[in-house]
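Here is a short tour of one protein model. It covers charged side-chain pairs and then a pocket.

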Amino acid sequence: MLQKIISKEITAADKLDRFADFTLKALRNCLQFDFLGINPDESTEDISSVQFPTSWKDTVADPDVLKTFYEAYFIFDAPYSTIVLECFSMMISARRTLFLQSEKLKYNSWILGALSGIMRSGRGFDDNSNIHEFCRVLSRFKWVNQTPELMDMKDLFKEWIDLTAKFTQDI
């Protein structure tokens, strides 16, 4: 459904807004679900990894799914862009054991490029909720990854860390 919204297959403005609202909120709710039942209070804000079921691996690791969220961020304004960042945040905090090492390297390479692209563009950073959620994205990404593994992606890591430092100074 999100791909149909992005590709403008749904054209009426009022329908597009309603579909975007319902679709993004449904995606966020699915991604936020506590699959292990370890969080009795859904209001807590933690930065741990998301425990997606193993059966979701192909979807979580699918570059087209990540690309769809990335494109959606650039298409929607707040508040929808903030919800997209929430979804993106959960996708990139997938538990490490969901991936083989080679898969995680490819996954993280794509994410480093996407995060750098968002920071280079500055898109959405005029909205406080987007800034807040992007900071959560960065925090979650760092939480589930080890710095030495990220540093192995030399050029991508260097650009990402430079842009992150600039982003931090600018906000």
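Start at Asp170. Asp170 is exposed, because its relative accessible area of 53% is over the 50% cut-off. Keep in mind that this is a predicted model.

Asp170 has a partner. Its side chain forms a salt bridge with Lys166, and the closest N and O atoms are 2.7 Å apart. Both residues sit in helix α9, 4 residues apart, so about one helical turn separates them. Lys166 has a relative accessibility of 46%, so it counts as partly exposed.

Why can such pairs form? Side chains of opposite charge can pair when their charged atoms come close.

**Salt bridges across the chain**

How many salt bridges does the count come to? The count comes to 10. Three of them, the Asp170 pair included, are set out here.

| Salt bridge | N to O distance |
|---|---|
| Asp170 and Lys166 | 2.7 Å |
| Lys57 and Glu103 | 2.8 Å |
| Arg120 and Glu159 | 2.4 Å |

Take Lys57 and Glu103, whose side chains meet in a salt bridge. This pair links distant parts of the chain. Lys57 belongs to helix α3, while Glu103 belongs to helix α6, which spans residues 101-121. The two are 46 residues apart. Glu103 is partly exposed, with a relative accessible area of 28%.

Next come Arg120 and Glu159, whose side chains also meet in a salt bridge. Arg120 lies in helix α6 and Glu159 in helix α9, which covers residues 154-170. The pair therefore ties together parts that are 39 residues apart in sequence. Glu159 has a relative accessible area of 30%, so it is partly exposed.

Helix α6 thus appears in two of these pairings: Glu103 lies there, and so does Arg120.

**The second largest pocket**

Now turn to empty space. Rolling a probe the size of a water molecule over the atoms shows where such space is left.

The second largest pocket holds about 220 Å³ of space. It is lined by 14 residues. Which of them are closest to its centre? They are Leu27, Leu31, Thr59, Val65 and Phe69.

Four elements give two or more residues each to this lining: α1 (2-6), α2 (13-32), α3 (57-61) and α4 (63-75). Helix α4 supplies the largest share, with 4 residues.

What is the lining made of? It divides into 10 nonpolar residues, 3 polar and 1 charged.

Helix α3 links the two topics. It contributes to the pocket lining, and it also holds Lys57 of the salt bridge with Glu103.

Technical notes
Residues numbered from 1 in each chain as written. Predicted model: local features only at pLDDT ≥ 70, side-chain atom pairs only at ≥ 80, totals over all residues. Heavy atoms only, no water. 1 Å grid on protein atoms, 1.4 Å probe; cavity = no way out; pocket = protein on both sides within 12 Å on 5 of 7 lines; lining within 4 Å. Points joined across faces, edges and corners; volume = space filled by probe spheres on them. Nonpolar A, V, L, I, M, F, W, Y, C, P; charged D, E, K, R; others polar. Salt bridge = Lys/Arg side-chain N within 4 Å of Asp/Glu carboxyl O. Buried < 20%, exposed > 50% of the residue type's maximum accessible area, 1.4 Å probe, protein only.
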